[in-house]
Amino acid sequence: MARKKIALIGAGMIGGTLAHLAAIKELGDVVLFDVVEGVPQGKALDLSQSGPVEGYDVALKGTNDYADIAGADVCIVTAGVARKPGMSRDDLLGINLKVMKSVGEGIAANAPDAFVICVTNPLDAMVWALREFSGLPHNKVVGMAGVLDSARFRHFLAEEFKVAMADVTAFVLGGHGDTMVPVVEYSTVAGIPVPDLIAMGWSTKERIDEIVKRTRGGGGEIVALLKTGSAYYAPATSAIEMAEAYLKDKKRVLPCAAYLDGEYGVDGLYVGVPIVIGAGGVERIVEIKLNDEAKANFQVSVDAVKELLVACKGIEPSL
Ligand code: TXD
C-alpha cells in the first residue's frame, strides 16, 4: 500500500512544525508548499536529514508549484500573513482572502479529494472562504481552533486540579477569538464535571472563571510573550490530531470549525462545534444541549462570525 500524502500549504512556523510532527508520526509523505522560494525546500531538506536519527521513513519535499500537491489525502492550510502594527482587521482580511482564493484554486485543481484543514486567521471566515473558493464538499473542509482552545483549557484545568492532562476533557465552542465559549458543564476530570469538582472543594467558581478568561485570551498571551509571532507548537499538534483522525478513520470527537446547515439554529456558517472525524471527513455534527448562559455566549460568537463574513463579501464581491 502506498503511503498517504499530506500537503502543507504555508511553510511558516506552523507549517514547519506540522511537517515535523507528520514525519515523526509517519502519517505519510509530506509536501511543503509556500510562495517564498527556498523556505519550503530548506525546511524539507532539514527535516529529511533528521529522519536517520529519528528513524522515520517518509519523503519530504519543498515546493513552490501546486502540481506537487497532486493527489494529496490531506491539505493543511496555514498560508497567509499575520496582522502587523498599523494594519486594520479589514486589511488583514483582504490580504488573507486573496491567499485563500489562490490556495482554494490550487487545491481544487490538484487535490480535489483531499480532507482540508484550515488554520489561517481569522479562522471562522477563512475556512468559509477557502471552502467557497475550492468548491470542495462542506464535509471535507474544516477549521482548526477548538482543539487548540480546548487543549489550552485542559492544560489550565489540569494545573488547577493537579491531575494528569490526559484525564482532563474540555469543550470549547463558538468562534476562535474573544467570543469562544468554554463550556464548564461538559469539562471533566475522568468523567467528573467541573461544577461537581467545585462542589467537592477542588476549586472555586472564581478560579474557574479566571481559567475561562485566560483560555479566551490564550492566543494573545503567547503573542505578547513571543513578540514576533503567534503560537505554533500547540496549533500544529492540534491540526495533526484532526488529520490523523481522518487518515486513520478514528471517528474522533473533536471541537472544530464545521459548516452548520441548520444545526444549533445556524445556517450556512462555519462555527466551532463538536464533530466526528473519520474517513468520511466530517461524519457527524454533535448537537449538545447548552444551558441558557452558554447558548447566549454561543450566539454572540455566531454573530461575530456573521459580521466577519459580511466584511469578506464586501471585500471580495465574487463571494
Ligand atoms: O487556532 C488557530 N487557528 C490559529 C491560527 C492559531 C495560531 C496561529 N493561527 C494562524 O495561522 C496565524 O494567525 C496565521 O494566519 C496562520 C499561520 O501561522 P504561522 O505562525 O505559521 O505564520 P507564518 O510563519 O507567517 O507562516 C505563514 C506562511 C509564510 O511562510 C508565508 O510565506 C506563507 O504562509 N504564504 C503563502 N503560502 C502559500 N500561498 C500564499 N499565497 C501565501 N502567502 C503567504
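**Reading Lys-43 and the ligand shell**

Leaving aside neighbours within four places in sequence, Lys-43 is in contact with Ala-11, Gly-12, Met-13, Gly-16 and Leu-32. The model is predicted.

Student: Where does Lys-43 sit?
Tutor: Lys-43 belongs to helix H2, residues 39-54. Its C-alpha atom is 9.4 Å from that of Gly-12, and the two residues are 31 residues apart along the chain.

Student: Which polar atom lies 3.1 Å from the side chain of Lys-43?
Tutor: A polar contact is a pair of N or O atoms within 3.5 Å. Here the backbone oxygen of Ala-11 lies 3.1 Å from a polar side-chain atom of Lys-43.

Student: Is Lys-43 buried, exposed or partly exposed?
Tutor: Buried means under 20% relative accessible area, and exposed means over 50%. Lys-43 has 26%, so Lys-43 is partly exposed.

Student: Now the ligand. Which residues come nearest?
Tutor: There are 25 residues around the ligand, and Met-13, Ile-14, Asp-34, Val-119 and Met-144 come nearest. The shell divides into 15 nonpolar residues, nine polar and one charged.

Student: Which atoms of Ile-14, Val-119 and His-176 lie by the ligand's polar atoms?
Tutor: Take them in turn. For Ile-14, a backbone N or O atom is 2.8 Å from a ligand oxygen. For Val-119, a polar backbone atom is 3.0 Å from a ligand nitrogen. For His-176, a side-chain N or O atom is 3.1 Å from a ligand oxygen.

Student: How much of the ligand does the protein bury?
Tutor: Taken alone, the ligand exposes 870 Å², and the protein buries 84% of that.

Student: Which elements give two or more residues to the shell?
Tutor: Helix H1 (13-24) and helix H3 (89-110) do.

Terms used: Residues numbered from 1 in each chain as written. Predicted model: local features only at pLDDT ≥ 70, side-chain atom pairs only at ≥ 80, totals over all residues. Heavy atoms only, no water. Near = heavy atom within 4 Å. Polar contact = N/O pair within 3.5 Å; in protein donor to acceptor, adjacent residues only side chain to side chain. Areas by Shrake-Rupley, 256 points an atom, 1.4 Å probe, with all protein chains shown as cover. Helix = DSSP H or I, 4+ residues; strand = E, 2+ residues; numbered from the N terminus. Nonpolar A, V, L, I, M, F, W, Y, C, P; charged D, E, K, R; others polar. Buried < 20%, exposed > 50% of the residue type's maximum accessible area, 1.4 Å probe, protein only. Contact = heavy atoms within 4.5 Å.
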